[in-house]
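Reader: Please take a close look at one helix in this model and at what surrounds it. Then follow the neighbouring elements out to the empty spaces in the protein.

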Amino acid sequence: MMLPINLTIDAARRFILGKQGLWPGRRWRGVAGAEQAMRAIEYLQLDPLQIIARSHDITLHSRVLDYAPGMWEDLAYQQRKFFDWGGWLAARPMDELPHWRVVMRRERDGEPGRDSRIQTMGRDHAEAIVEMRDILRERGTVSNRDFKMATRTRTQSYRGRKDSALALYYMWRTGEVMTHHRENFERVYALTEAVAPAHLIRESDEAEADRFLITKDVSFSGLSRLSRSSDAFFRGVSFGSAKQRIAELLSDGELIAVQVEGWKALHYALGSDAEALHEVSAGRVPQAWAPLEIPTTEEVVFLAPLDQVSARGRAKVLFGFDYIWEVYKPAEKRTFGYYTLPVLWGDRLVARFDSKLDRATGTFVVLGLWLEDAALGDDPAFAEALARGFARFVAFLGASGLDATAIREPLLRERADALCAS
């Protein structure tokens, strides 16, 4: 194995942001750009909660110029370029389906000597699964809402309260059905052959699938410890084979080792990212990362609650920014707010804000803004960048205006009001 590439924490942060399309600025545009972004970020994590906009739409807004909520659905359910799947729900490129069908089969069969939850679900609801299969063949598409509680067997699972819901979920997780489309974010199912291209309804070779799952996880993280406890998105790779596959990938140069200043553990990156790592380490921006328009130093970007660069404790590691999504905390235990979003300026997280969309008036309302450094409240460059970020966000939401009354800093409030009103 080659000697590790040494990175400063600043270079590591810029590399991870750049891999995710967040630095030095947006480099994709429109529906075609949304497709490019979804492929580049590897997983678009989906979440049903809609306060101002859904997390996955905010994720794409932060990376794609002229992105409008729901563009990803056109790519997934009309153009069939992506499919959604998994206990960790994410949209994935359709051409990856053969690899994921290996994981689906593993979930169906369980590990040797140990039943999986999915396997148990299939056994417990076998009759309902046969029934749902027949109904799908007859109707073409069905959703959970098509079956009234009074006609079904009640269950205690968090995946559904009806046996029909669990049967459909089981069939989805094991690859027999796929999401045909969504209605108010709820899945409408169809048999897989009615959704996926016929040439993709197959399984990859076991070793090929394992290598894919590991390298996809590394690419998603940018820099990965490849620890089963911290990087759990290559689920389906058995504990027994993971070490062997990682050793093969390192030997082949598909993975390279990276040592980051201040990080005890060795991390790994894709071998194909070596040039970008060297460019960032030298203080340069890789040519492919050049922004189409304004950079993040001149317009802030708001990160989604589930954005890979800041969720699950990563904001603390990368930015020294202690971020927890407080949406599931009781109101009295929240430090900031219900739907607080981090603010990226340049390559640092410098603030956070809570907000709501007043749908009665069409107004985007800032409920609070908290700066990491109070001096930013008097910084004209930051005030301009923040105002531009709010103006773009208001347009993205389709709001009629901004209510910035809750912003305590006069310069920030006045600049945001002025730019959003123009």
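Author: In this predicted model, the buried residues of helix 4 pack against helix 2 (30-40), strand 3, helix 3, strand 5 (82-85) and strand 8. Helix 4 itself covers residues 71-78, and its buried residues are Met71, Trp72, Leu75, Ala76 and Tyr77. After helix 4 comes Arg80, which has a positive phi, near 60°.

Three of the packing partners of helix 4, namely strand 3, helix 3 and strand 8, come up again in the linings of empty spaces. Strand 3 (44-45) and helix 3 (55-61) are the elements that give two or more residues to the lining of the largest cavity. The volume of that largest cavity is about 90 Å³. Its lining has 13 residues, and those closest to the centre are Tyr43, Gln45, Thr59, Leu306 and Gln308. Sorted by class, the lining of the largest cavity holds five nonpolar, five polar and three charged residues.

Thr59 deserves a separate word. Thr59 belongs to helix 3, and it is one of the residues closest to the centre of the largest cavity. Its relative accessibility is 8%, so Thr59 counts as buried, the cut-off being under 20%. Leaving aside residues up to four places away in sequence, Thr59 touches Ile41, Leu44, Ala304 and Asp307.

The count of cavities of 30 Å³ or more is two. The second largest cavity has a volume of about 30 Å³. Its lining consists of Gly25, Arg26, Ile294, Pro295, Thr296, Glu299 and Val301. Three of these lining residues are nonpolar, two are polar and two are charged.

Strand 8, another partner of helix 4, leads to an open space. Together with helix 8 and strand 9 (186-191), strand 8 (177-183) is among the elements that each supply at least two residues to the lining of the second largest pocket. This pocket has a volume of about 900 Å³. It is lined by 31 residues, and nearest its centre lie Pro48, Arg159, Phe185, Glu186 and Arg187. The lining of the second largest pocket divides into 15 nonpolar, six polar and 10 charged residues.

Helix 8, which contributes to that lining, also meets helix 7. The axes of helix 7 (residues 126-139) and helix 8 (residues 163-173) come within 9 Å and cross at roughly 75°. Angles of 65 to 115 degrees count as roughly perpendicular, and helix 7 and helix 8 are therefore roughly perpendicular to each other. On the helix 7 side the contact is made by Ala128, Ile129, Met132, Arg133 and Leu136, and on the helix 8 side by Asp163, Ser164, Ala167, Leu168, Tyr170 and Met171. By class, this contact has eight nonpolar, one polar and two charged residues.

One further residue can be added, from helix 6 (residues 117-124), where Gln119 is placed. At 19% relative accessibility, Gln119 counts as buried, because the limit is under 20%. Gln119 and Asp109 are 10 residues apart along the chain, and their C-alpha atoms are separated by 6.1 Å.

To return to the starting point, helix 4 has Met71, Trp72, Leu75, Ala76 and Tyr77 buried. Among the elements they pack against are strand 3 and helix 3, which both give residues to the lining of the largest cavity, and strand 8, which supplies part of the lining of the second largest pocket.

Key. Residues are numbered from 1 along each chain as its sequence is written. This is a predicted model: local features need pLDDT of at least 70, side-chain atom pairs count only at pLDDT 80 or more; totals for chains, interfaces and linings use all residues. Side-chain values use heavy atoms; hydrogens and water are left out. On a 1 Å grid over the protein atoms alone, a cavity is a set of points where a 1.4 Å probe fits but cannot get out, and a pocket is an open set with protein on both sides within 12 Å along at least five of seven lines; lining residues have an atom within 4 Å of a point. Grid points are joined across faces, edges and corners, and a volume is the space filled by probe spheres set on the points. Helices (H or I, at least four residues) and strands (E, at least two) are DSSP runs, numbered from the N terminus. Ala, Val, Leu, Ile, Met, Phe, Trp, Tyr, Cys and Pro count as nonpolar, Asp, Glu, Lys and Arg as charged, and the others, Gly among them, as polar. Axes are lines fitted to C-alpha atoms, for helices over the stretch in contact, and angles run from 0 to 180 degrees between N-to-C directions. Angles under 35 degrees count as roughly parallel, over 145 as roughly antiparallel, 65 to 115 as roughly perpendicular and the rest as oblique. Contact means heavy atoms within 4.5 Å. Buried means under 20% relative accessible area, exposed over 50%, partly exposed in between (1.4 Å probe, protein chains only).
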